[in-house]
Amino acid sequence: MEIIWFCIVAAMIATYVVLDGFDIGAGIVHLYVARDDAERRKVIRSVGPVWDGNEVWLLAGGGVLYFAFPGLYASSFSGFYLPLMIVLWLLILRALSIELRNAIDAPTWRPFWDAGFFGASALLAILFGGALGNVVRGVPLDKNGDFFLPLWTNFRVQADAGILDWYTISVGALAFLTLTQHGSLWVVYKTDGAIRERALKLVKPLWAAILLATIAVTVMSWSVQPQIPANFAAYPWGYVFPALALAGLGWIAASGFGKKELNSFLGSVLYIAGMLTSAAFGIFPDVLPAIGEPGNSLTIYNTAASPYGLKVGLGWWIPGIILATGYTVYVYRSMRGKVSLEEGGH
Amino acid sequence: MDTALAIHRFHFAFTVTYHYIFPPLTMGLALLMAILKTMYIRTGKEHYNDSAKFWAKIFAVNFAMGVVTGIPMEFQFGTNWSRFSKAAGGVIGHTLAMEGVYSFFLESSFLGLFLFGEKKLGKIGHWITSLCVFAGSWLSGFFIIATNAWMQHPVGYTRGPNGEIQLESFWALMLNPWTFWQYAHNMTAAVFLAAVVMASIGCFYLLNRRHEEYGRSFVRMGVITGFITSVLLLMPTGDGQGKMVARHQPVALAAMEGLFETRQGAPIAILGQPDIEKQRLDNPLTIPNMLSFITYRHWTAEVKGLDAFPRDQWPDNIPLLFYSFHIMVGLGTIFIAIMTIAAFLLWRGKLFHSRPMLWVLMLLLPFPYIATTAGWMTAELGRQPWLIYGLMRTADGSSPHVSSGNAMFSLLGFMGMYTVLSILFLFLCYRVIDKGPEQAGAAAHY
């Protein structure tokens, strides 16, 4: 039962990254690909009706994590206190930037929110990557399963760790590149004309950088977290997850780096899902490894709620998620096609 | 008191009080907009549809504020209250996760369609989206109240081997009797607040002689809804909620009423200042025997005072609890009086010519917000010193490793950020109101 909920939480978080990832990515590239007001509005329109729903996957995934693994939620949220507070402020700034930019047509108003949309999106991409890096590297858990990390100490891994060290910054950089490509492919898929051309040109260099960074981060992860090579050695079928990530990259290349719009975007989806599931598989059954004292690690077993709670949870989660998926599909279908700025378009 | 604990408490109190400025109007307007859309379907009058569109704009601004200030609430359970979350997450995690899965998806998916999809969806489709937005926001309220009700009156749990609190009965959690009255009272208050906002803006238009046709219909709808809900707030919902407190949190009731001594035929205090040191109510203005009657329907029933309980069970801020409760009840009484007069004038066809009454209704705007906040402060201060009533003290729930310095850093951050949000919110609402319903839906949102 713990394993089922581990998979559910991982799947919900992966869905969040795939969905909110493209609107974060669109925020990262919009200053570059969209030069004038009409172009910027097109980018905003491509994410405006869906960004809020995408973010709900974070809230719902967090809620499910809370009830299924309360020990993990409590320990990780209090231990990552400062970066989570910064994430909250960035989420607020980003939401305001998207929702308020068109409220007033003035040269002191719109560029301000455009810059906010870019800055908050870029920092969120790096912070989310850094968070994943922390979960893979592990944190200095005490015997109660608690810890507290400052934002940075000496940027070295393991010895007196901070949230930012060279490893977690590397993962943050990879996440930034990945979501930038994801957002570019979304913009290519949803727009036409000059914006699409500029976004399309970004894909190939990003793809090459991601390939190199993926190899580098994989090598680092293998040495930073010994559980990863151990898991892949013990259960070789797990190589299917990194293989999915590589297949995703291959699909993007085979689709002409964005020329086949939907296929390239789906390749990026596959790559992100493959990378996240690889990380989850690599540290399993830990959900937050301990640095120093492996016995203090938080696992799915020592953080899970009671068996009754987990069982009854499936009873409401399954119908609920079917409904939620239905709404999500319906909303995306109702805004399919390229965005236009005409009245009544989306 | 430990400084870190004090900051964690103020951190949550500040962010949740600020957050709850927005959801009552969202939930109340969701109902009123669904009614307006239904009236449009039934009568075919564009007036109703334009009114719904105008309120949808106010709704959208409020909803966005509610979302961005609501996300920090879910996070804070983990960041600032980790011992509480570790112990109780297996129970209240259910209601919080269900809010995400059942109501946030519904709300976020259909709000976009409701705001921007009228042409695409057609008349009936658009009406259905208004019902979905209504259902989503009211479900959200239900799950949050169910969470709070469990903290007020924990049910359906057992203790695990390490003292963690485990869910024993899902249906006991969902059907907690406390939830029923608290939800009824809270949602009635939300509708009342929205009704007052609607009437108040209607009066603003009438007194400024602008958009007068809309002004009259806003006042009419606001006063009728406001009259009905102001009465429902007292009976049966407020009364039912009060009886729950009397039965399950008698020490909170004694503190709310400023009753220091156990008495038969206890009086009710209208005004006064609790003096904790001398254990008495200074300058009391009381009605004899009234507290016994409203609590037990018996003029001479015994009501337990604070002296009947050990001091470590007393709520830790009795004066603030006393004032919060009295502000809520006092305003509630004034609301009934004003709404009864307004409804009477409306019925006699004199309301729109009675400028003093229009002024009163216009200036009523902030008071339901104060009453709602005071009501929540009553509930939360009355629960002290417990985080989960009888099970976990507030002092035992905070995050052990988050220092006062780190907590103050984020507290100041939120205070700064929310100051900016307030300015933007007022500015954007004023713009919508100033433009008026006639141009509603003119400019594109994105």
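The following exercises, each with a worked solution, concern a predicted model with chains A and B.

**Exercise 1. Describe the overall build of chain A and determine how its radius of gyration compares with the globule rule.**

Solution. Begin with the secondary structure: chain A contains 13 helices and two strands. Next, take the radius of gyration, which is 20 Å for chain A; the globule rule gives 20 Å for 346 residues, so chain A is as compact as a globular protein of that length. The outer dimensions follow: along the principal axes, the C-alpha atoms of chain A occupy a box of roughly 60 × 40 × 40 Å. Then consider burial, for which 57% of the 346 residues of chain A qualify. Finally, examine how contacts span the sequence. Of the contacts in chain A between residues at least 6 apart in sequence, 74% connect residues at least 24 apart.

**Exercise 2. Characterise the side of chain A that touches chain B: which helices supply at least two residues each, and which gives the most?**

Solution. First, establish the extent of the contact, to which chain A contributes 58 residues and chain B 53 residues. Second, assign the chain A side to its elements: at least two residues each come from helix H2 (37-47), helix H3 (51-68), helix H4 (70-79), helix H5 (81-100) and helix H13 (307-334) of chain A. Third, identify the main contributor, which is H13(A) with 14 residues. Fourth, classify the residues on this side of chain A: 35 are nonpolar, 17 are polar and six are charged.

**Exercise 3. Determine how helices H1 and H3 of chain B pack, and state which residues make the contact.**

Solution. Start from the geometry. Helix H1 (residues 3-19) and helix H3 (residues 46-79) of chain B have axes 9 Å apart and an angle of about 150° between them. Because angles over 145 degrees count as roughly antiparallel, H1(B) is roughly antiparallel to H3(B). The handedness of the H1(B) and H3(B) crossing is left-handed. Now list the participants. H1(B) brings Phe12(B), Thr15(B), Val16(B), Tyr18(B) and His19(B), while H3(B) brings Gly66(B), Thr69(B), Gly70(B), Pro72(B), Met73(B) and Gln76(B). By class, the residues of this contact between H1(B) and H3(B) are five nonpolar and six polar, with no charged residue.

**Exercise 4. Locate a cis peptide bond in chain A and another in chain B.**

Solution. Recall the background first: most peptide bonds are trans. In chain A, the bond joining Phe284(A) and Pro285(A) is cis, with omega about 0°. Pro285(A) is situated in the loop between helix H11 (261-283) and strand E1 (286-288) of chain A. In chain B, the bond from Gln384(B) to Pro385(B) is cis, with omega near 5°. Pro385(B) belongs to the loop between helix H13 (366-383) and strand E7 (386-388) of chain B.

**Exercise 5. Two residues of chain B, His211(B) and Asn289(B), have a positive phi. Place each in its loop and decide whether it is buried or partly exposed.**

Solution. The background is that most residues other than glycine have a negative phi. Take His211(B) first: its phi is about 45°, and it sits in the loop between helix H7 (177-207) and helix H8 (212-248) of chain B. The cut-off for burial is 20 or more other C-beta atoms within 10 Å. His211(B) has 21 C-beta neighbours inside 10 Å and is therefore buried. Turn to Asn289(B), whose phi is about 65°. Asn289(B) occupies the loop between strand E5 (280-287) and helix H10 (290-296) of chain B. With 18 other C-beta atoms within 10 Å, Asn289(B) is partly exposed.

Key:
Residues are numbered from 1 along each chain as its sequence is written. Chains are lettered from A and ligands numbered from 1 in the order in which they are written. This is a predicted model: local features need pLDDT of at least 70, side-chain atom pairs count only at pLDDT 80 or more; totals for chains, interfaces and linings use all residues. Two residues are in contact if their C-beta atoms, placed from the backbone, lie within 7 Å. Helices (H or I, at least four residues) and strands (E, at least two) are DSSP runs, numbered from the N terminus. Ala, Val, Leu, Ile, Met, Phe, Trp, Tyr, Cys and Pro count as nonpolar, Asp, Glu, Lys and Arg as charged, and the others, Gly among them, as polar. Axes are lines fitted to C-alpha atoms, for helices over the stretch in contact, and angles run from 0 to 180 degrees between N-to-C directions. Angles under 35 degrees count as roughly parallel, over 145 as roughly antiparallel, 65 to 115 as roughly perpendicular and the rest as oblique. A crossing is left-handed if the near helix is turned anticlockwise from the far one by less than a right angle, and right-handed if clockwise. The radius of gyration is taken over C-alpha atoms; the globule rule is 2.2 Å times the number of residues to the power 0.38. A residue is buried if 20 or more other C-beta atoms lie within 10 Å of its own, exposed if 12 or fewer, and partly exposed in between; C-beta atoms are placed from the backbone.
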